[in-house]
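Colleague: I would like to take a close look at one part of this model, the surroundings of the ligand. Please go through them in one connected account.

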Amino acid sequence: KDAYGAPVIGEHGKWLGIVVVMHDITELVKLEQVRKDFVANVSHELKTPVTSIKGFSETLLYGAYKNEETLLSFLEIIHKESNRLQVLINDLLDLSKVEQVGYEISLQKVRLSDILNRGLEMTTHLVEEKNMMIESIVDEEVYVLGDTNRLIQIMMNLLANAINYSPENTTVRVNIFKNQKYGIFQIRDEGIGICESEINRIFERFYRVDRARSRNSGGTGLGLAIVKHLVEAHHGLIEVESKVGEGTVFNVYIPIAKS
Ligand code: ADP
């Protein structure tokens, strides 16, 4: 029920008027729609690799295994699709964890340049595959209050996106600096960019500007949703600016640790 009315009777039974109470249900309806979309998205994302694994394994079982070349190429597909499922399930579990009301991380004094070094180590293979360059300008004295592994996860996700959504032979620039309140890391790429009408949506679960491209690069569409929650769990902020065809800049602000 979203509205009801009741008469207001004053002294001596005098009729004073009617009070109408209305609840705004648009917010609730919206939330319900978001939940439904999420379930539909999860189902779709799970279904695609499962269908492929099932199809290829059945074809093998029906006899295709006898041809060694087919056997090998089908097994490769099955392996790739099961990896995809695993990444997706891990991201879903992680997202549901960081989305919990009251999700907290333990905050310690962490040096941002150490986080960057770990993030760079973990993305070396991507950088090499695409012949990219990474340039960094780093203030070694920036210490923030954070959870080391979660900060590495934020850094890695943003670096991986900067690489994935850029053409080969381009440069990703990382800056680490600080202001009075925050340690800041900035990741700037020379990639495809994100148009104005989409930029506000990229932190939504499963939102991708180009689904096919994202899938091909191994993306689940959950990375930035997780990153946003993690930054918020650090009481930080994340900003993005972009120009189609020129590139994208992400700025992450994490509260500074007093020395
Ligand atoms: P995905 O797994 O698809 O990369 P994310 O949540 O990390 O998912 O990002 C959501 C979408 O935002 C991506 O699919 C892509 O369209 C866009 N995006 C993210 N980072 C960049 C970037 N550096 N340059 C251009 N587009 C980006």
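To begin with a single contact, how far is an oxygen atom of the ligand from a polar backbone atom of Leu224?

Modeller: In this predicted model, an oxygen atom of the ligand lies 2.8 Å from a polar backbone atom of Leu224. A further contact involves Ser214, where an N or O atom of the side chain is 2.4 Å from an oxygen atom of the ligand, while at Thr248 a polar side-chain atom is found 3.5 Å from a ligand nitrogen atom. The ligand on its own would expose 530 Å², and the protein buries 96% of that area. As for where this happens, the ligand occupies the largest pocket, and the elements that each contribute two or more residues to the surrounding shell are helix H4 (148-164), helix H7 (223-233) and strand S9 (247-255).

Turning to the shell itself, 19 residues surround the ligand, and those that come nearest are Tyr165, Asp189, Ser214, Gly221 and Leu224; Ser214 and Leu224 are thus named both here and among the polar contacts described above. By residue class, the shell comprises nine nonpolar, eight polar and two charged residues.

On confidence, the protein has a mean pLDDT of 93, with 98% of its residues at 70 or more, and for the complex the predictor reports an ipTM of 0.98 together with a pTM of 0.87. Predicted coordinates should not be read in detail where pLDDT is low.

How values were computed: Residues numbered from 1 in each chain as written. Predicted model: local features only at pLDDT ≥ 70, side-chain atom pairs only at ≥ 80, totals over all residues. Heavy atoms only, no water. pLDDT = per-residue confidence, 0-100. Near = heavy atom within 4 Å. Polar contact = N/O pair within 3.5 Å; in protein donor to acceptor, adjacent residues only side chain to side chain. Areas by Shrake-Rupley, 256 points an atom, 1.4 Å probe, with all protein chains shown as cover. 1 Å grid on protein atoms, 1.4 Å probe; cavity = no way out; pocket = protein on both sides within 12 Å on 5 of 7 lines; lining within 4 Å. Sits in = over half its atoms within 2 Å of the grid points. Helix = DSSP H or I, 4+ residues; strand = E, 2+ residues; numbered from the N terminus. Nonpolar A, V, L, I, M, F, W, Y, C, P; charged D, E, K, R; others polar.
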